[in-house]
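The following exercises concern the surroundings of a bound ligand. Please examine the structure before reading each solution.

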Amino acid sequence: MIASVNPATGEMVAEFGEHSPEEVERRLELARAASAGWRATPVEQRAAIVAAAGELLEAEQERFGRLMTLEMGKTLTSAIAESQKCASGCRYYAEHGPSFIAPEVIAQSGERGEARFEPLGAVLAVMPWNFPFWQVVRFAAPALVGGNVGLLKHASNVPQCALALEDLFRRAGAPEGVFQTLLIGSGRVDAVIADPRVHAVTLTGSEAAGRSVAACAGRHLKKTVLELGGSDPFVVCATADVARAAEVAVTARTINNGQSCIAAKRFIVVDDVYDDFAARFVERMRALRVGDPMEKSTDVGPLATRAIRDELHEQVRASVAAGARVLVGGDVVAGAGNYYAPTVLGDIPRDAPAWSQELFGPVASLFRVPDVASAVAQANDTSFGLGASVWTGDAAEGERLAQEIDAGSVFINGMVASDPRFPFGGVKASGYGRELGPWGLREFVNIKTVRRFPGGARQAPVE
Ligand code: NAP
């Protein structure tokens, strides 16, 4: 079902029919036709269109914010901030993108050679609902500046956001076919990947979806970037500013109603400061205001769908059944809407889901460890490797932890967050490839060697 269901009330807001096979065919053909003209368009012109998209995101932040809140329940304040972040992402790629794909001259005596960065063609983006604008824009802005055309298969619960994004790039001046939405369910993704008019795939979503998309893309030899789940550690060392760490920990766990891949999920605290941290953290989690995401005073809104809330509660129940202790929360909030009480679990045994699984909601797993070496071992004791946050008053210790923790990013005395200037992505089951910065733009290009041998210069006979 492709539908907007308000997570705060459970009410159906709008339903959409999937695009028919003929409509998908028409859109693939439009993408193919647009690709040649778009790649021939000067990069400055492509960048100007992405900049114009950024201006619209800035100007219409309130409207876009309301749409996000209505469809997936994030607080309006954070939804408006998301639109602003998208605007800055567009500005970043409009300004710097052209230089990221400027040819690199490789000097050799007697010849002139270079590496060029040319578009691949059409890139399919399979995207999740949790940051329904930012996930798409952080793919689309670099892809479009790079000369690729985009096909968006958005999550089935955010169709209005998907259509608004198509409309956004059209209004920004992108020619027909350069950025299109495909309203299709996940069962039809493989057929699109297999289509010869599609050249690469980027997926942000769950591990299961990543495996499926990568397997299909592998069969068809198409490049993939995968941004998958995480169970990020938040390590608190004995020298940390515990009060500050506990304050940030609450935001790091409950941002986006707890539904962020890079939300801190496992709080690993050394024995010396465990009791102090736990008391502060639990009190702050208890004080959070859960309610209507449209209200400014709300800290935590509903989860995006009823199924997501039920799955989260099942993980909590299974963890408690295995021996975990509920320090606060631990249950659904009765009534309409998909609300879940901010929760902290302690004394978690190794076989409980809360030990290593991703809990996609406002539920924190708290662990006591004897020392920093054990904290690192526990931080790495997961199949995921997306982000990590470490808290210490000792700079050398921070550097050591940054090196020893197996993750795509480590933040020292700060909360993990994406930033257009820095690479973003994971290792292990959190995926591969990078978004953002020059790295993100260069994922979907043909890095082409061009060498010239003027005046019949002789070429050494090596491969
Ligand atoms: P999801 O179920 O994997 O859905 C993500 C997208 O993949 C949706 O468009 C979905 O379509 C599609 N999809 C699902 N199964 C598929 C399949 N077998 N083949 C092709 N497409 C498929 O994930 P979610 O529940 O929406 O999002 C939460 C997950 O995303 C969490 O694990 C979170 O950590 C991860 N995430 C990662 C990042 C990152 O940057 N690393 C960022 C945000 C979220 P339908 O909606 O039609 O099913």
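**Exercise 1.** Identify the polar contacts that R138, G205 and E358 make with the ligand in this predicted model.

*Solution.* Begin with R138: an N or O atom of its side chain is 2.8 Å from an oxygen atom of the ligand. Turn next to E358, where an N or O atom of the side chain lies 2.6 Å from a ligand oxygen. For G205, a backbone N or O atom is 3.3 Å from an oxygen atom of the ligand. Each pair is then tested against the cut-off for a polar contact, within 3.5 Å. As to burial, the ligand taken alone exposes 900 Å², of which the protein buries 84%.

**Exercise 2.** Describe the shell around the ligand by residue and by class.

*Solution.* The ligand has 29 residues around it, and W129, S156, S206, L228 and E358 come nearest. Sorted by class, the shell comprises 14 nonpolar, eleven polar and four charged residues.

**Exercise 3.** Locate the ligand relative to pockets, elements and domains.

*Solution.* First, the ligand takes up the space of the largest pocket. Second, α5 (134–145), β8 (200–204) and α8 (207–219) are the elements that give two or more residues to the shell; α8 supplies the largest share, three residues. Third, domain 1 (2–228 + 426–450) and domain 2 (232–412) both contribute residues to the shell, so the ligand lies between them.

How values were computed:
Residues are numbered from 1 along each chain as its sequence is written. This is a predicted model: local features need pLDDT of at least 70, side-chain atom pairs count only at pLDDT 80 or more; totals for chains, interfaces and linings use all residues. Side-chain values use heavy atoms; hydrogens and water are left out. A residue is near a molecule or strand if one of its heavy atoms lies within 4 Å of it. A polar contact is a pair of N or O atoms within 3.5 Å; within protein, one must be able to donate a hydrogen and the other to accept it, and residues adjacent in sequence count only if both atoms are side-chain atoms. Accessible areas come from the Shrake-Rupley method with a 1.4 Å probe; for residues, only the protein chains shown count as cover. On a 1 Å grid over the protein atoms alone, a cavity is a set of points where a 1.4 Å probe fits but cannot get out, and a pocket is an open set with protein on both sides within 12 Å along at least five of seven lines; lining residues have an atom within 4 Å of a point. A molecule sits in a cavity or pocket if more than half of its atoms lie within 2 Å of its grid points. Helices (H or I, at least four residues) and strands (E, at least two) are DSSP runs, numbered from the N terminus. Ala, Val, Leu, Ile, Met, Phe, Trp, Tyr, Cys and Pro count as nonpolar, Asp, Glu, Lys and Arg as charged, and the others, Gly among them, as polar. Domain bounds come from an automatic or database domain assignment.
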